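These are my notebook entries from a reading of one structure, taken helix by helix and then through the core, the cysteines and a loop.

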Amino acid sequence: MTKLLDLLCGLLSSIALFAIMALTFFDVIGRKAVSHSIPGSLELTELLMVVVIFGALPLVSRRGEHVEFDSLDPYLPMWLRRLQGVIVHLLCAAVLLGLAWLMWRTGGEFRQTGETTAQLQIPKYPFLYGMGVLCALTGFVHLALVGAKPHDRFEGEGAAL
């Protein structure tokens, strides 16, 4: 299941990131070469950033690659670190599942009202539904990590300074 999660979320994020790169490249070339940028490129970039960020969120959570303050970890007993991990994962899961519900509800409202982007008139509701699904998936990832043993990180292995 984790391989499927890595594959799907990784593909989603990487395709969107590549699209941002290509869009920016051609937009700059258009501005410099023919003095005409791509219409709506800013809107497209914003929507694609949503896809990159929310598509990568389950992967970042599953791998434990969030920014974290771990300066006290070497001084805490293992039982306290495990308790801290359980609390953090439960709190993250609750917040993300609540956020997923709000985004899904807002997506439904946007679908009913026909909310679109300003320039290109792209419907916003599919992006909100996608954000809701990916937040829910990330919430379930945190629930699955509730019983996981905290791991020691060494400098250079995803550890923050």
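Entry on α2. I began with helix α2, which in this predicted model runs over residues 41–63, and I found that its 23 residues reach 32 Å from first C-alpha to last, close to the 33 Å expected at 1.5 Å a residue. I then looked for a departure from a straight axis and noted a bend of about 35° at leucine 57, with proline 58 following within four residues. Just after the helix, glycine 64 has a positive phi of about 65°.

Which residues of α2 are buried? My list holds Ser41, Glu43, Leu47, Val51, Val52, Phe54, Gly55, Pro58, Leu59 and Ser61, and I traced their packing to α1 (2–34), α3 (78–113) and α4 (125–144). As background to reading such a list, I kept in mind that residues three or four places apart point the same way because an α-helix has 3.6 residues a turn.

Entry on α1. I repeated the check on α1, whose 33 residues reach 47 Å between the first and last C-alpha, close to the 48 Å expected at 1.5 Å a residue. I found Leu5, Cys9, Ser13, Ala16, Ile20, Leu23, Asp27 and Gly30 buried in α1, and the elements that cover them include α2 and α4. Serine 35 follows this helix with a positive phi near 55°.

Entry on α3. The 36 residues of α3 should span 52 Å at 1.5 Å a residue, and I found agreement, because the end C-alpha atoms are 52 Å apart. Its buried residues are Arg81, His89, Ala93, Leu96, Ala100, Met103, Gly107 and Gly108, with α2 and α4 among the elements that cover them. After α3 comes glycine 114, whose phi is positive, near 75°.

Entry on the core. I next looked up the largest nonpolar core, which has 14 residues, and noted that Leu5, Cys9, Phe54, Met103, Met131 and Cys135 touch the most other members. The elements giving two or more residues to this core are α1, α2, α3 and α4, and α4 supplies the largest share, six residues. I followed methionine 131 individually: leaving aside neighbours within four places in sequence, methionine 131 is in contact with Val50, Phe54 and Met103.

Entry on the cysteines. How many disulfides does a search of the whole structure find? The search returns zero. Cysteine 9 is accordingly in no disulfide, and the nearest cysteine sulfur, that of cysteine 135, lies 11 Å away; cysteine 9 counts as buried because its relative accessibility is 4%. I also asked why cysteine 92 has no bond to its closest cysteine sulfur. That sulfur belongs to cysteine 135 and is 12 Å from the sulfur of cysteine 92, which is too far for a bond. Cysteine 92 has 27% relative accessibility and therefore counts as partly exposed.

Entry on threonine 117. Last, I turned to the loop between α3 and α4, where threonine 117 lies. Is threonine 117 buried or exposed? I record it as buried, because its relative accessibility is 7%, below the 20% cut-off. A polar atom of the threonine 117 side chain lies 3.2 Å from the backbone nitrogen of glutamine 121. Setting aside neighbours within four places in sequence, I listed Glu43, Leu47, Ile122 and Lys124 as the contacts of threonine 117, and I noted that Glu43 and Leu47 are among the buried residues of α2.

Conventions:
Residues numbered from 1 in each chain as written. Predicted model: local features only at pLDDT ≥ 70, side-chain atom pairs only at ≥ 80, totals over all residues. Heavy atoms only, no water. Expected span 1.5 Å × (residues − 1). Bend = angle between axes of the 7 residues up to and from the residue. Buried < 20%, exposed > 50% of the residue type's maximum accessible area, 1.4 Å probe, protein only. Contact = heavy atoms within 4.5 Å. Disulfide = S-S within 2.5 Å. Core = buried A, V, L, I, M, F, W, Y, C linked by side-chain atoms within 4.5 Å. Polar contact = N/O pair within 3.5 Å; in protein donor to acceptor, adjacent residues only side chain to side chain.
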